[in-house]
Amino acid sequence: MGFFRRLLRRQGAATTPSHLPNGEASGASPGNFWELPRFAVVDVETTGLRADEHRVVEIAVVTTDARGRMLEEWSTRVNPQGPIGATHIHGLTQDDVADAPVFAEVLPELNRRLSKSAVAAHNARFDLAFLRHEYRRAGWNLPFVPALCTLEASAYHLPTLDRRRLADCCWAVGARVDGAHSALGDARATASLLAAFMHPTTGYPPLPEHTRMLEQAFSIEWPTRAGLSLGPAVESGPRQSRALSPRARHVIAVQSTATPAASLLALIGRFSLVDALDEGAPEGALAYLEKLAEVLEDGEITGEEAADLAAVTTSMSLSPAEVAVANQAFVLALANEALADGRVSRAEREELTTVANLLGVSPKVIPTLLDRAEDARHARLSEGLKPLPETWQHGAPVRVGDKVVFTGCDEAVRTRLEEQSERLGVRVLGSLSAKVALLVTDGSMNGGKARRAAELGTRVVHPDVYAVMLTYLQPPLSRTWGSARPCSPRQPDEALAAAEGSIGAPVVVPSVGGPGPAAPNPAHVRSWARANGLEVGVRGRLSKDVVQAFVDAQAAASSAPV
């Protein structure tokens with residue numbers, strides 16, 4: 001351990017790279033750092049997403065020191081010995097790689113750069129899956145490689161970021177992204193992101209497990225010839241993707257020819273990974289959820305995109321049950337977005353049903369998902385509300401989620417109260433029904449709404465009284481509010497788990513328990529915990545003790561004198 005620490009101290013003398021031509025390395029004296037603990041930041045451009053079928057067409061390695069400072073970089077194109085694939089993504093044509101070396105020819109140089117290095121990549125499992133298959137095709141075994149995935153690490157370092165694509169994360173830490181979707185451009189950007197995550201002065205100290213990777217990698221012996229396997233065995237190959245059911249293929253075919261609805265595009269544009277994780281998406285599903293949002297941004301899932309999604313689940317080693325949970329968390333996150341303005345339009349409901357069909361989430365659960373999304377929104381709006389004073393004289397209070405109707409009020413007063421109501425989570429409707437809690441009126445108009453209120457027995461209050469009631473708005477008395485527990489594949493709701501999705505995967509839904517205190521919004525808990533110096537998990541996960549401390553603090557604040 002002492003030797004390792006001395007090596008880390010020596011890294012301050014490393015050189016800074018200059019730009020390199022294709023297939024060559026930068027840096028005047030690489031010997032200064034080849035025997036030091038370091039990261040190899042890797043990015044590959046490929047002919048497709050399926051590592052067992054598609055090939056690498058370009059690879060880049062940026063070598064950094066223990067804090068992510070760039071020391072040297074190298075890149076090369078690779079002849080895939082077949083079709084070049086998605087030129088519109090990686091920008092390479094068949095002519096660009098015609099004279100490039102095949103992977104087996106660049107493997108010795110790649111070995112030199114990866115040997116004794118901890119690998120870093122944005123969605124590391126994807127890049128390593130392709131490297132692993134390319135090594136096997138060349139007759140080599142890739143040893144176990146400690147890998148820091150900056151996509152997964154962003155859940156800890158950038159917990160409030162809605163999307164976690166490489167460009168999103170670099171923007172959040174102020175790093176430039178030049179040459180996106182080229183191997184060297186993306187590797188440089190990832191190295192900049194790594195530096196932000198590994199430097200102790202950037203806001204969060206490096207995670208201990210990430211620092212330990214350097215020591216682990218430095219102790220691994222790499223093979224020196226084909227067929228020689230040293231170090232721990234690599235994990236077994238990816239599982240075979242599930243075939244799409246006839247129903248799924250039919251839905252995909254129909255949706256591929258339809259014009260995407262504006263409501264769906266708007267929902268996808270606001271999709272938040274934070275919300276999906278809070279709704280129970282597996283920790284290893286970040287890359288899958290990002291790909292899912294990317295695929296749906298044009299309002300459709302083509303057959304090829306569906307196959308690519310299946311390939312991503314394979315490279316991420318996600319089980320069918322984990323995919324089902326991730327799909328449902330995705331739909332629930334969209335439901336939360338649809339409800340953000342306090343209502344879900346018919347068009348939004350239809351689009352949620354469409355997405356559910358595409359993802360194998362039974363549309364029968366959409367009403368339940370929307371109910372839960374509405375309950376979650378009510379819970380967020382209910383945090384920090386004042387208790388009713390002991391001198392309260394206005395009868396039953398107004399509650400978050402209540403529906404109210406206005407008539408016969410001063411226009412300026414009515415506008416102010418309507419805006420305040422919507423902001424606080426009280427629905428303002430245009431007509432009366434049995435579900436409306438209050439008719440707000442100053443009595444100056446005795447029209448149809450007043451008569452309808454009399455017929456239904458709807459409670460009538462003056463605007464001045466209603467303003468006071470909004471000041472002391474209370475949490476809802478919902479059938480499920482506060483009772484939902486985090487989604488878990490081991491706790492399916494029996495009434496809904498029986499419904500099968502269109503792709504045939506079992507539907508796993510959030511379980512609902514009996515009456516109990518409201519579950520606080522996880523994002524609020526994380527923010528409060530960090531502000532108060534309490535520990536938050538690597539991926540933003542919250543311990544029971546932290547959640548209870550937050551609940552106790554909120555209870556103490558709400559019981560303070562008004």
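The exercises below, each with a worked solution, concern a predicted model.

**Exercise 1. Work out which strands form the open sheet of four strands, in what order they lie, and which of them are edge strands.**

Solution. Begin with the pairings of strand β6, which covers residues 403-406 and is joined to β7 by three bridges, the two strands running parallel. On this side V404 stands opposite V428, and V405 stands opposite L429. Next, turn to β8, which is likewise parallel to β6 and joined to it by three bridges; here the bridge partner of V405 is L439. Strands of a sheet pair through backbone hydrogen bonds, either parallel or antiparallel. Putting the strands in sequence across the sheet gives the order β7-β6-β8-β9, with parallel pairing. The edge strands are β7, residues 427-429, and β9, residues 459-461, each of which pairs on one side only. On average, neighbouring strands of this sheet are turned by 35° against each other, direction being ignored.

**Exercise 2. Describe which helix joins β6 to β7 in a β-α-β unit, and which helix packs on the sheet.**

Solution. Following the chain from β6, one comes to helix α18, residues 411-424, and then to β7, and these three elements make a right-handed β-α-β unit. The helix that packs on the sheet is α19, residues 448-456, which touches β6, β8 and β9. The direction of helix α19 makes about 155° with that of β8.

**Exercise 3. Identify the residues with the most contacts inside the largest nonpolar core, and examine the surroundings of L114.**

Solution. The largest nonpolar core has 68 residues, and those with the most contacts inside it are L110, L114, L131, Y135, Y288 and F330. Helix α15, residues 320-338, supplies the largest share of this core, namely ten residues. For L114, once its neighbours within four places in sequence are left aside, the contacts are A40, V42, V119, L131, Y135 and W222. A second, separate core has 28 residues, including F39, V62, A153 and A191. In soluble globular proteins, nonpolar side chains tend to be buried together.

**Exercise 4. Decide how many disulfides the model has, and explain why C170 does not form one.**

Solution. The step needs a cut-off, namely that the two cysteine sulfur atoms lie within 2.5 Å. The cysteine sulfur closest to that of C170 belongs to C169 and is 7.0 Å away, so the two are too far apart for a bond. The count therefore comes to zero disulfides by this rule. As for accessibility, C170 is buried, with a relative accessible area of 0%, and C409 also counts as buried, at 16% relative accessibility.

Definitions and conventions. Residues are numbered from 1 along each chain as its sequence is written. This is a predicted model: local features need pLDDT of at least 70, side-chain atom pairs count only at pLDDT 80 or more; totals for chains, interfaces and linings use all residues. Side-chain values use heavy atoms; hydrogens and water are left out. Two strands pair if DSSP finds at least two bridges between them. Axes are lines fitted to C-alpha atoms, for helices over the stretch in contact, and angles run from 0 to 180 degrees between N-to-C directions. Contact means heavy atoms within 4.5 Å. A nonpolar core is a set of buried Ala, Val, Leu, Ile, Met, Phe, Trp, Tyr and Cys residues joined through side-chain atoms within 4.5 Å. Buried means under 20% relative accessible area, exposed over 50%, partly exposed in between (1.4 Å probe, protein chains only). A crossover is right-handed if, with the strands pointing away from the viewer, the path from the first strand over the helix to the second runs clockwise.
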